[in-house]
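Student: I'm new to this structure and would like a close look at a single part of it. Could you pick one helix, walk me through it slowly, and then show me how its surroundings fit together?

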Amino acid sequence: MKSTRFVAALGAALTAALVAACSAGSSTNPNPSASGGGAAPGSDKLTVGLVAEPVSLDFTTNDGAAIPQALLYNVYETLVKLDQNGDIKPALATSWKVSSDRKTYTFDLTDKAKFTNGQPFTAKDAVFSIDRVKKDWTTSLKSAMDVVADAKAVSDTQLQVTLKQPSNSWLYKMTTRIGAMMAPDGIADLATKPVGTGPYEFGTWNRGDSISLKANPNYWGPKPHFGEVVLKYFKDATALNNALLTGTINVIGTVQAPESLKQFEGNSKYQVIEGTTNGEVVLSFNNVKAPMNNLKVRQAVRYAINHKALMDTCWAGYGTLIGSMVPPTDPWYEDLTGLYPYDLAKAKQLVQETGVANTTLRLRIPTLPYAVSCGQVVKSDLEQAGFKVALDQLEFPAAWLTTVFKNADYDMSIVAHVEPRDLGAVFGNPQYYTRYDNKQVQQDLAKADTGTPQEQITYMKAAAKTLSEDAAADFLFLLPNLIVADKGITGLPKNAISESFDLSQLGRS
């Protein structure tokens with residue numbers, strides 16, 4: 001993957017941030033005995049600056065990546081998890097086997113894990129958690145569990161899951177929030193008091209400001225270095241940067257103003273980490289509503305946008321141009337940016353052919369800095385092509401989730417989809433907010449899931465190319481992973497390719 005950088009003189013900080021903050025994971029193991037400032041192991045405190053505070057702590061009924069960013073792998077554990085390289089590794093499941101027909105998974109579970117309410121974790125809890133996704137979850141992501149035919153506890157430490165048909169994606173999806181293991185008596189108040197088996201337990205939530213996580217004193221695995229981690233939320237890029245400069249926080253978990261990195265790169269007190277994510281910044285279209293149900297209108301939009309100039313303006317040139325809904329870290333990635341190169345003359349021609357110049361397009365974006373910044377550029381590019389664009393800023397998360405995500409009351413929007421391998425979730429379900437209904441894409445997604453690993457790559461490439469050719473959306477750019485931290489913090493992730501910011505991997509040298 002190539003990451004391009006636009007070097008600009010330091011000026012006003014570009015305010016940009018993820019829709020629900022980039023997720024992160026790490027494979028770097030900190031020294032568990034190291035501590036800063038003479039503190040005893042386990043008593044050290046870390047404060048991480050993030051953006052887009054969760055609306056709730058219950059990801060079974062609330063969408064948005066900010067919840068699993070804070071809780072997954074930290075408070076809630078999964079049977080399996082992703083490492084820094086995107087590989088599936090053991091977690092609560094110490095090992096697993098797959099039957100020859102690829103439909104039955106047998107997991108051997110640790111016998112040491114306990115929930116923070118004192119109850120031991122057993123295979124019955126795993127069965128409960130899987131069944132609950134299918135029966136009680138209300139978010140769209142629950143559909144990933146539909147392939148499960150049966151889950152049963154063979155013993156306290158052995159779980160058997162049988163699928164309806166082979167699925168290449170199911171085990172991978174079990175590393176995400178749908179794989180979170182919960183206790184039957186720990187779900188009474190998921191929105192404010194999560195109960196899990198993880199290295200951290202929920203502490204306090206000062207709404208509008210911060211969430212505190214405390215080291216779990218009874219954690220079954222390697223003890224986390226930090227005795228307390230505070231996730232502090234900022235909406236203003238300058239305030240976030242100043243918080244690190246003044247020692248209020250130790251880590252900027254998601255850089256909001258890439259242009260401001262210069263003030264940290266030359267300072268020996270700080271470290272700057274640059275990698276990649278799977279967060280596609282998508283200019284989404286309402287595919288069933290005029291005029292966006294017209295292919296030529298959608299094509300005109302894609303031709304009208306100068307993606308390189310947009311990325312330079314919105315994210316200071318950091319990021320990757322991708323051309324479809326697949327990041328370079330996925331095995332089926334292809335560079336599809338050439339399908340719709342910037343062509344203002346072509347865009348103007350299509351606008352005239354369709355008569356759409358007389359229609360005002362509603363570009364309804366969340367009040368997140370990156371969306372506001374990119375929205376202005378998109379509006380300008382489209383107007384140069386002859387479109388009329390009304391830019392509406394909707395309070396995030398409540399107003400945007402209700403108006404755009406739930407009710408699809410929009411023509412276009414801008415949002416960063418940070419869930420891993422989410423092409424099918426965003427474009428394979430006609431009821432999703434994009435309202436994209438392409439039978440060929442749906443068939444290719446199904447074949448990719450049930451076929452051999454090589455067939456998965458082949459059909460996923462086909463699906464990605466079809467939806468790009470069909471201009472199902474415009475793919476503005478792929479977000480980079482940009483982190484700034486105190487020099488001594490270890491275990492920070494270079495690549496943010498899971499839903500979790502895995503705090504257990506962090507330490508201090």
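**A close look at helix α8**

Tutor: Let's start with helix α8, residues 344–354, where Ala347, Leu350 and Val351 are buried. These three sit on the same side of α8, because they cover an arc of only 105° around the axis. There's a general rule behind this: an α-helix has 3.6 residues a turn, so residues three or four places apart point the same way. Turn to the other side of α8 and you find Ala345 and Gln352, which are exposed. Keep in mind that this is a predicted model.

What covers the buried residues of α8? The cover includes α6, residues 295–304. And if you follow the chain past the end of α8, you come to Gly355, whose phi is positive, near 70°.

Since α6 has come up, look at the loop before it. Pro291 is found in the loop between β12 (270–285) and α6. A cis peptide bond joins Ala290 and Pro291, with omega at about 5°. In general, most peptide bonds are trans. A second cis bond joins Phe396 and Pro397, and there omega is about 10°. Pro397 is found in the loop between β14 and α10.

That brings us to α10, residues 398–406, a helix worth setting beside α8. Here the buried residues are Trp400, Leu401, Thr403, Val404 and Phe405. They pack against β13 (360–366), β14 (388–394) and β15 (412–417). Just after α10, Ala408 takes a positive phi of about 50°.

Next comes Asp409, in the loop between α10 and β15. Is Asp409 buried, exposed or partly exposed? Its relative accessibility is 32%, so Asp409 counts as partly exposed. Leaving aside neighbours within four places in sequence, Asp409 is in contact with Arg362, Arg364, Thr403 and Val404. You've already met Thr403 and Val404 among the buried residues of α10. Asp409 and Asn286 are 123 residues apart along the chain, but their C-alpha atoms are separated by 8.3 Å.

Now step back to the nonpolar interior. The largest nonpolar core has 89 residues, and Leu283, Phe387, Ile414 and Phe477 touch the most other members. Strand β16, residues 473–486, gives the most to this core, with 8 residues. Take Leu283 as an example: beyond its neighbours within four places in sequence, its contacts include Val301, Ile305, Leu363, Val378, Met412 and Ile414. Ala473 and Leu476 are also among the contacts of Leu283. Apart from this core lies another, of 66 residues, among them Tyr76, Met182, Leu190 and Ile273. As a general point, nonpolar side chains tend to be buried together in soluble globular proteins.

What about cysteines? Cys314 is buried, with a relative accessible area of 0%, and Cys374 also counts as buried, at 0% relative accessibility. A search of the whole structure finds 0 disulfides.

To place all this on the whole chain, use the domain assignment, which gives domain 1 (77–179) and domain 2 (277–480). The C-alpha centres of domain 1 and domain 2 lie 32 Å apart. Their contact takes 12 residues from domain 1 and 13 residues from domain 2. Separately, an unreviewed UniProt entry carries the annotation "domain: Solute-binding protein family" for residues 88–417. The end C-alpha atoms of that span lie 21 Å apart, and it is 26% helix and 27% strand.

Finally, a few loops to look up for yourself. Leu72 is found in the loop between α1 (66–71) and β2 (80–82), and it counts as buried at 0% relative accessibility. Setting aside neighbours within four places in sequence, Leu72 has contacts including Ile67, Thr175, Arg177, Glu499 and Ser500. Ala52 lies in the loop between β1 (44–50) and α1. It has a positive phi of about 55° although it is not a glycine, and it is buried, with a relative accessible area of 10%. Arg435, in the loop between α11 (423–427) and α12 (439–450), also has a positive phi of about 55° without being a glycine. Arg435 is buried too, with a relative accessible area of 18%. For background, most residues other than glycine have a negative phi.

How values were computed:
Residues numbered from 1 in each chain as written. Predicted model: local features only at pLDDT ≥ 70, side-chain atom pairs only at ≥ 80, totals over all residues. Heavy atoms only, no water. Disulfide = S-S within 2.5 Å. Buried < 20%, exposed > 50% of the residue type's maximum accessible area, 1.4 Å probe, protein only. Core = buried A, V, L, I, M, F, W, Y, C linked by side-chain atoms within 4.5 Å. Helix = DSSP H or I, 4+ residues; strand = E, 2+ residues; numbered from the N terminus. Contact = heavy atoms within 4.5 Å. Arc of directions from axis to C-beta. UniProt positions renumbered as here; feature names shortened; annotations may be inferred. Domains from an automatic or database assignment.
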